[in-house]
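Biologist: Please take one part of this model and go through it closely, starting from a single backbone detail and then working outwards to its surroundings. I would also like to know how far the coordinates can be trusted.

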Amino acid sequence: MKKRFILILSFSFFISAISGNIPDRNTYLRSLRPENSEMIFIPEGEYFTGDKNSADNSPPVKRFFKSFYIDIHPVTNGQFLQFIDKTNYSPEGKFNRAFADKNRYHPVTGVTLNDAEKYADFADKRLPTEWEWEIAARGLKEDYSAQLSMIYKEKKGVFYQSGRKGTRPVFSTPPNNIGFYDHIGNIFEWTTGKYPPELLIGNNRDRLKIGVIRGGAWTNIRNDIKYSDRTPFPVTRSLDWLGFRCVKDPEK
């Protein structure tokens, strides 16, 4: 894999983040607008996806990626509320406005794939492919087991066995080695992936449009949360453990 320098937007913020101390986190969150989230730059190059033990993402494959920026944390309730208020958009999903008003720093949930895409368009961004999400979650490395073990051991993940029910504010889970937050527990995230129909079972597999969500949520037991897992999910459904983050392509 090509070794390249990773450029981080807002360098001082990133240095504080990887040390585990985020300066004025609430000040940063209060200032968030859809178009100005902190983002990580992923350089063009070849990166591994997949895992040898995965049921639907094996064997590991080296893929070529064009450069892109990705949000360091999922879109928050506060950001999504700004989008709704400015556009009068009516969410298709079970978005809970009352909960969102009281928990503006939590990741937005209760949104369909279309809701997520509408927000991304408004913010002049897009949703990540499932492979873009994966290489960012992996920290651009082949092996990410050490990071997972640390989070599980220190009980810092937002997952079912931690005793936590419901979402937590973004930044509740330590970042990986490139400053990518909230990818272990808290919420699943929408991607633009399409789940292979030949791997689906059930009576509705031909009737429903099935997308791919990535990550893991507060509803998962910790051992079920893996960066390489591809989870099929109907694109018109929404739940209180499913949200998204955005990607932006570099300006030409």
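Modeller: Just after helix α3, Asn88 takes a positive phi of about 60°, and since this is a predicted model, that angle is a computed value like the others that follow. The helix that comes before Asn88, α3, spans residues 77–87 and is mostly covered, with eight of its eleven residues buried. Those buried positions are Asn77, Gly78, Gln79, Phe80, Leu81, Gln82, Phe83 and Ile84, and their packing partners are α4 (97–102) and α5 (113–122).

From here the view widens to the nonpolar interior. The largest nonpolar core has 27 residues, of which Phe80, Tyr119, Trp190, Trp241 and Phe244 touch the most other members; α3, α5 and β5 (188–194) are the elements that give two or more residues to this core. Apart from it lies another core, of 23 residues, which includes Phe171, Ile178, Tyr181 and Tyr227. As background, nonpolar side chains tend to be buried together in soluble globular proteins. Trp241, taken by itself and leaving aside neighbours within four places in sequence, is in contact with Thr109, Ile187, Phe188, Ile213, Ala217, Trp218, Thr219 and Phe233.

Following the chain beyond α5, one comes to Lys125, which sits in the loop between α5 and α6. Lys125 counts as buried because its relative accessibility is 8%, under the 20% cut-off. Its side chain reaches the backbone oxygen of Pro34 at 3.4 Å, and, residues up to four places away in sequence not being counted, Lys125 touches Pro34, Glu35, Ser37, Met39, Asp71, Ala120, Cys246, Val247 and Lys248.

Two of those residues, Met39 and Asp71, are bridge partners, with Asp71 lying in β4. Strands β1 and β4 (residues 68–71) pair in the antiparallel sense over four bridges, within an open, antiparallel sheet of three strands in the order β1-β4-β9. Its edge strands, β1 (39–42) and β9 (247–248), each pair on one side only. Across β1, β4 and β9 lies helix α6 (residues 130–138), which runs at about 70° to β4.

As to trust, the mean pLDDT of the protein chain is 81, and 77% of its residues reach 70 or more. Over residues 1–23, however, pLDDT stays under 50, although the model has 40 contacts beyond four places in sequence for that stretch. Where pLDDT is low, the predicted coordinates should not be read in detail.

Methods: Residues numbered from 1 in each chain as written. Predicted model: local features only at pLDDT ≥ 70, side-chain atom pairs only at ≥ 80, totals over all residues. Heavy atoms only, no water. Pairing = 2+ DSSP bridges. Contact = heavy atoms within 4.5 Å. Axes fitted to C-alpha atoms, helices over the stretch in contact; angles between N-to-C directions. Buried < 20%, exposed > 50% of the residue type's maximum accessible area, 1.4 Å probe, protein only. pLDDT = per-residue confidence, 0-100. Core = buried A, V, L, I, M, F, W, Y, C linked by side-chain atoms within 4.5 Å. Polar contact = N/O pair within 3.5 Å; in protein donor to acceptor, adjacent residues only side chain to side chain.
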